[in-house]
Amino acid sequence: MTTQQFINFTRQHRNHLVHIAMQYLADTDDCEDAVQDALIKLWALKGRPYGDEDMVRYATTAVKHTALNLLRDRQRHQAVDPAYFADGIYTMRADIAIEQAETKQHLRHVIATLSAADRTLLKMRNIEHLSYTEIAAMLGISETGVRSRIARLRKSLINRINI
């Protein structure tokens, strides 16, 4: 990969990589840092014969791991403010954290009960952020078919989660 090819790659995929980082990090500066770190790792691979799709996958994974590492490091070094205990805020936050963990566990259980095809479809759209056109091409069905299948799947998930 030449320098110009790398620049073109970066321009073309930067927004996607920032979007991935924003799924994990709330701070825009942290998102930019995660993307920059991933691009630095990607630049180190410039001599290898990877295709554009492989590079996108690698960059996406690198951004995700960099963001998760940043979150882990922050949690490790974060001190607990004694005011949390004095004002009862800590208890409230613990309750919210427990409720959120239970909700996530319930969602994981509901998703686990889906068919493998439905789980794959959810992953393609919501995790890998593939377009309806890309999914349709991969599955060999129409774009409208993909849209309606995903809509039905989402509606089914909402109904099952709210029970």
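**Figure 1. Leu139 is partly exposed, with a relative accessible area of 39%.** Partly exposed refers to the range between buried, under 20% relative accessible area, and exposed, over 50% (1.4 Å probe, protein chains only). The structure is a predicted model, in which local features require pLDDT of at least 70 and side-chain atom pairs count only at pLDDT 80 or more, while totals for chains, interfaces and linings use all residues. Residues are numbered from 1 along each chain as its sequence is written, and side-chain values use heavy atoms, with hydrogens and water left out. Leu139 belongs to helix H7 (residues 132-139); helices (H or I, at least four residues) and strands (E, at least two) are DSSP runs, numbered from the N terminus. Together with Met138 and Ile141, Leu139 forms a nonpolar patch on the surface, and the accessible area of this group is about 270 Å². Accessible areas follow the Shrake-Rupley method with a 1.4 Å probe, and for residues only the protein chains shown count as cover. Patches consist of residues with over 30% relative accessible area and no salt bridge, like charges being joined within 9 Å and nonpolar side chains (Val, Leu, Ile, Met, Phe, Trp, Tyr) within 5 Å.

**Figure 2. Asp27, Asp29, Asp33 and Asp37 form a negative surface patch.** Asp and Glu count as negative and Lys and Arg as positive, whereas His and the chain ends are not counted. Each charge is placed at NZ of Lys, CZ of Arg, CG of Asp or CD of Glu. Within the patch, Asp33 is located in helix H2 (residues 28-44). The relative accessibility of Asp33 is 39%, so this residue counts as partly exposed.

**Figure 3. A salt bridge joins the side chains of Arg14 and Glu32.** The term denotes a side-chain nitrogen of Lys or Arg within 4 Å of a carboxyl oxygen of Asp or Glu, and the total by this rule is 4 salt bridges. For Arg14 and Glu32, the N to O distance is 2.5 Å. Because Arg14 lies in helix H1 (residues 3-22) and Glu32 in helix H2, the pair ties together parts that are 18 residues apart in sequence. Arg14 counts as partly exposed at 24% relative accessibility, and Glu32 likewise counts as partly exposed at 26%.

**Figure 4. Asp118 and Arg149 meet through their side chains in a salt bridge.** The N to O distance in this pair is 3.9 Å. Asp118 is part of helix H6 (residues 116-127) and Arg149 part of helix H8 (residues 143-161), so the pair ties together parts that are 31 residues apart in sequence. Asp118 is partly exposed, its relative accessible area being 23%. Arg149 has a relative accessibility of 28% and also counts as partly exposed.

**Figure 5. The side chains of Arg147 and Glu143 form a salt bridge within helix H8.** Their N to O distance is 3.1 Å. The two residues are 4 residues apart in helix H8, about one turn of the helix. Arg147 is partly exposed, with 41% relative accessible area, and Glu143 is partly exposed, with 30%.

**Figure 6. Ala38, in helix H2, touches Ala59, Ala62 and Val63.** These contacts (heavy atoms within 4.5 Å) leave out residues up to four places away in sequence. Ala38 is buried, with a relative accessible area of 0%. Ala38 and Val63 are 25 residues apart along the chain, and their C-alpha atoms are separated by 5.3 Å.

**Figure 7. Thr60, in helix H3 (residues 52-77), touches His16, Leu17 and Ile20.** Residues up to four places away in sequence are not counted among these contacts. The relative accessibility of Thr60 is 19%, so Thr60 counts as buried.

**Figure 8. His129 has a positive phi although it is not a glycine.** The phi value of His129 is about 55 degrees. His129 is situated in the loop between H6 and H7. Its side of the surface record is intermediate: His129 is partly exposed, with a relative accessible area of 25%.

**Figure 9. The chain as a whole contains 8 helices and 0 strands.** Along the sequence, the pattern is α-α-α-α-α-α-α-α. The chain has 163 residues, of which 23% count as buried. Among contacts with a separation of 6 or more, 59% are between residues 24 or more positions apart. The exposed area of the chain is about 11500 Å², and carbon and sulfur atoms supply 55% of it.
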